[in-house]
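Thank you for making the time this morning. I would like to walk you through one structure, taking it piece by piece, and I will begin with a term that we need along the way.

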Amino acid sequence: MSKPFDPFQASVAWVADAGLFIACGRQQNNKYTALERFAERNDLTFLIPQRVYDELGGAPNRSTPSQTPINSAIDAGWVTVADEPDYRTGTVSQVMDDIQSFIARSSNRDEDRIEKADTALAAVAAERLEGNTHYVSIVTTDLDAGEGAVAALEANGFENRVQFKNGFELIDEIT
């Protein structure tokens with residue numbers, strides 16, 4: 001298992017899943033504003049895979065007329081959307097296969113039924129770790145996806161460089 005590292009140091013990418021934002025609710029919700037304040041106070045930007053953005057982009061317009069909460073967060077600068085991972089890259093492809101297998105085993109589901117957004121979390125993290133990012137903190141409300149991302153990344157040479165933060169626990173801590 002990974003050794004802990006300080007998730008607030010400058011060289012940490014925070015890769016987040018849809019569940020974190022869904023759990024926060026509408027922009028007027030105190031959880032949403034607490035998450036925004038948390039990001040601003042710690043000078044961090046949540047990085048979301050394109051697939052996660054696509055999931056969140058379909059939020060009902062009642063959240064804020066003509067503006068979804070995720071687009072407001074992007075406009076405010078505390079969330080950014082990652083470029084689509086290069087799935088032809090060996091490490092990215094292997095990490096995605098490994099997390100898909102992990103989630104299937106731990107949830108007793110067929111691998112073909114695993115959400116692509118879950119595998120994209122690990123793919124985006126792998127690309128950051130292969131680049132100039134030293135550490136990644138993965139934030140999701142899906143325990144299997146979080147634990148699977150850590151296991152897949154560690155199995156592919158990123159030992160002690162990735163942590164999983166349960167999104168529900170983060171929200172509880174900051175509200």
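When I call a residue buried, I mean that its relative accessible area is under 20%, while exposed means over 50%, and partly exposed covers what lies in between. Please also keep in mind that what you see is a predicted model.

Let me start with the aromatic side chains. Across the whole structure, a search finds seven aromatic pairs. One of them joins W14 and F38, whose rings sit edge-to-face, with 5.7 Å from centre to centre and 70° between the planes. Because W14 belongs to strand 1, residues 12–16, and F38 to helix 2, residues 30–41, this pair ties together parts of the chain that are 24 residues apart in sequence. Is W14 buried or exposed? Its relative accessibility is 4%, which is under the 20% cut-off, so W14 counts as buried. F38 is buried as well, since its relative accessible area is 5%.

W14 also takes part in another aromatic pair, this time with F46, and here too the arrangement is edge-to-face, the centres being 5.9 Å apart and the planes at 90° to each other. F46 lies in strand 2, residues 46–48, and W14 in strand 1, so this pair ties together parts that are 32 residues apart in sequence. Both W14 and F46 are buried. If we step back from the individual pairs, W14, F21, Y32, F38, F46 and W78 form one aromatic cluster.

While we are at strand 1, A13 is also placed there, and it is buried, with a relative accessible area of 12%. Measuring along the chain and through space gives two separate numbers for A13 and N42, which are 29 residues apart in sequence and 12 Å apart from C-alpha to C-alpha.

Let me turn now to the charged side chains. How many salt bridges does a search of the whole structure find? The search finds three. One of them is between E84 and R51, where the closest N and O atoms are 3.9 Å apart. This pair links distant parts of the chain, 33 residues apart, with E84 in the loop between strand 3, residues 79–81, and helix 5, and R51 in helix 3, residues 50–56. E84 is partly exposed, as its relative accessible area is 38%, and R51 is likewise partly exposed, at 30%.

Another salt bridge is formed by D86 and R88, with 3.0 Å between the closest N and O atoms. Here D86 is partly exposed, with a relative accessible area of 29%, whereas R88, at 74% relative accessibility, counts as exposed. There is also a salt bridge in which the side chains of K165 and E173 meet, at 2.7 Å from N to O, and E173 is exposed, with a relative accessible area of 53%.

Staying with charge, I would ask you to look at the surface, where D97, D110, E111 and D112 form a negative patch. Among these, D110 is placed in the loop between helix 5 and helix 6, and with a relative accessibility of 43% it counts as partly exposed. R113 is found in that loop between helix 5, residues 90–107, and helix 6, residues 116–130, and R113 is exposed, with a relative accessible area of 66%. R113 and R128 are 15 residues apart in sequence, and their C-alpha atoms are 26 Å apart in space.

My last topic is the backbone. Most residues other than glycine have a negative phi. Against that background, which values do we find for D43 and N160? Phi of D43 is near 50°, a positive value in a residue other than glycine, and phi of N160, also a residue other than glycine, is positive too, near 60°. D43 lies in the loop between helix 2 and strand 2, and at 73% relative accessibility it counts as exposed. N160 lies in the loop between helix 7, residues 143–155, and strand 5, residues 162–166, and N160 is partly exposed, its relative accessible area being 30%.

To close, I would come back to the place where we began, with W14 paired edge-to-face with F38 and also edge-to-face with F46.

How values were computed:
Residues are numbered from 1 along each chain as its sequence is written. This is a predicted model: local features need pLDDT of at least 70, side-chain atom pairs count only at pLDDT 80 or more; totals for chains, interfaces and linings use all residues. Side-chain values use heavy atoms; hydrogens and water are left out. Helices (H or I, at least four residues) and strands (E, at least two) are DSSP runs, numbered from the N terminus. Buried means under 20% relative accessible area, exposed over 50%, partly exposed in between (1.4 Å probe, protein chains only). Patches are made of residues with over 30% relative accessible area and no salt bridge: like charges are joined within 9 Å, nonpolar side chains (Val, Leu, Ile, Met, Phe, Trp, Tyr) within 5 Å. Accessible areas come from the Shrake-Rupley method with a 1.4 Å probe; for residues, only the protein chains shown count as cover. A salt bridge is a side-chain nitrogen of Lys or Arg within 4 Å of a carboxyl oxygen of Asp or Glu. Lys and Arg count as positive and Asp and Glu as negative; His and the chain ends are not counted. The place of a charge is taken as NZ of Lys, CZ of Arg, CG of Asp or CD of Glu. Rings of Phe, Tyr and Trp (its six-membered ring) pair if their centres lie within 6.5 Å; planes under 30 degrees apart count as stacked, over 60 as edge-to-face and the rest as tilted.
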